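This report looks at cysteines and aromatic rings, and it is best read with the model open alongside.

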Amino acid sequence: MSGNIELLNTTLAAAKAADRAALIAYLPAGFPTVDGGIEAVKAVVAGGADVVEVGLPHSDPVLDGPVIQTADDIALRGGVRIADVMRTVREAYEATGVPILVMTYWNPIDRYGVERFTAELAEAGGAGCILPDLPVQESELWREHADKHGLATVFVVAPSSQDARLATITAAGSGFVYAASLMGVTGTRASVGAQAQDLVGRTRATTDLPVCVGLGVSNAAQAAEVAGFADGVIVGSAFVKAMLDAPDEAAGLAAVRSLAGELAEGVRKR
């Protein structure tokens, strides 16, 4: 079975044709439970998310801030496994029909086996992977298998990336480019900052791929600001925090659905 890179491409193209940015939501698999995580994905899509990134929980998530680290810890203590991540992708995709990507560090894939991982992700209906710590120059094996199975390879660029480096990264990627709005770890911020707009402009000069901005966006006003210059707005920590702060799972699901609705309005007010 082929993965859903084409669904991702058409979804992002449809948002652009509607003169708006896409809303991309991030949620970790297995948080608060595997079943609860699947319901959370359904909730953000019901609220208005166009694309969902499912996080593969990691014991040392070096690029993630304390909110996502807390959620990862809860998922890992709950015994989440790669099979649960694949189940999350499958059931979320079957229930929503939107593109579902996996965001993961490289080590779990390397240990699991690249061919096994890509084949299972494609079979589950996944659209691709975001690989924040896989160097482009070491990505050939991954890209070979991802291409074979119809999966996008999304690389991360940062404000520190030089223009020549940006060109190398974007030439190797597919689906979209993940532009980290600032240096540092994930988390909500009071402002997203001018660095993000500069990075999007420099990245667009190297590629026709959509450029989507993440790290720091937590409310409708910030989403609208970023939607003014990016093709997609990526929100993670704010959704996870809404789940963590809720008194119970039902309240958490209501909170993330409501937040997705506010953010979806925001990306339409670019």
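Cys212 is buried, with a relative accessible area of 0%, where buried means under 20%, exposed over 50% and partly exposed in between (1.4 Å probe, protein chains only). The model is predicted, so local features need pLDDT of at least 70 and side-chain atom pairs count only at pLDDT 80 or more, while totals for chains, interfaces and linings use all residues. Residues are numbered from 1 along each chain as its sequence is written, and side-chain values use heavy atoms, with hydrogens and water left out.

Searching the whole structure for disulfides (pairs of cysteine sulfur atoms within 2.5 Å) gives zero. Cys129 is in no disulfide, and its nearest cysteine sulfur, that of Cys212, is 16 Å away; Cys129 is also buried, at 0% relative accessibility.

For aromatic pairs, the ring centres of Phe, Tyr and Trp (its six-membered ring) must lie within 6.5 Å, and planes under 30 degrees apart count as stacked, over 60 as edge-to-face and the rest as tilted. The whole structure holds three such pairs, including the two tabulated here.

| Pair | Centre distance | Plane angle | Class |
|---|---|---|---|
| Tyr112 and Phe117 | 6.1 Å | 85° | edge-to-face |
| Phe117 and Trp142 | 6.3 Å | 55° | tilted |

The pair of Phe117 and Trp142 links distant parts of the chain, since Phe117 is in helix α6 (residues 114–123) and Trp142 in helix α7 (residues 140–148), 25 residues apart; helices are DSSP runs (H or I, at least four residues), numbered from the N terminus. Both Phe117 and Trp142 are buried, and Tyr112 is buried as well, with a relative accessible area of 17%. Together with Trp106, the residues Tyr112, Phe117 and Trp142 form one aromatic cluster.

Note on methods:
Helix = DSSP H or I, 4+ residues; strand = E, 2+ residues; numbered from the N terminus.
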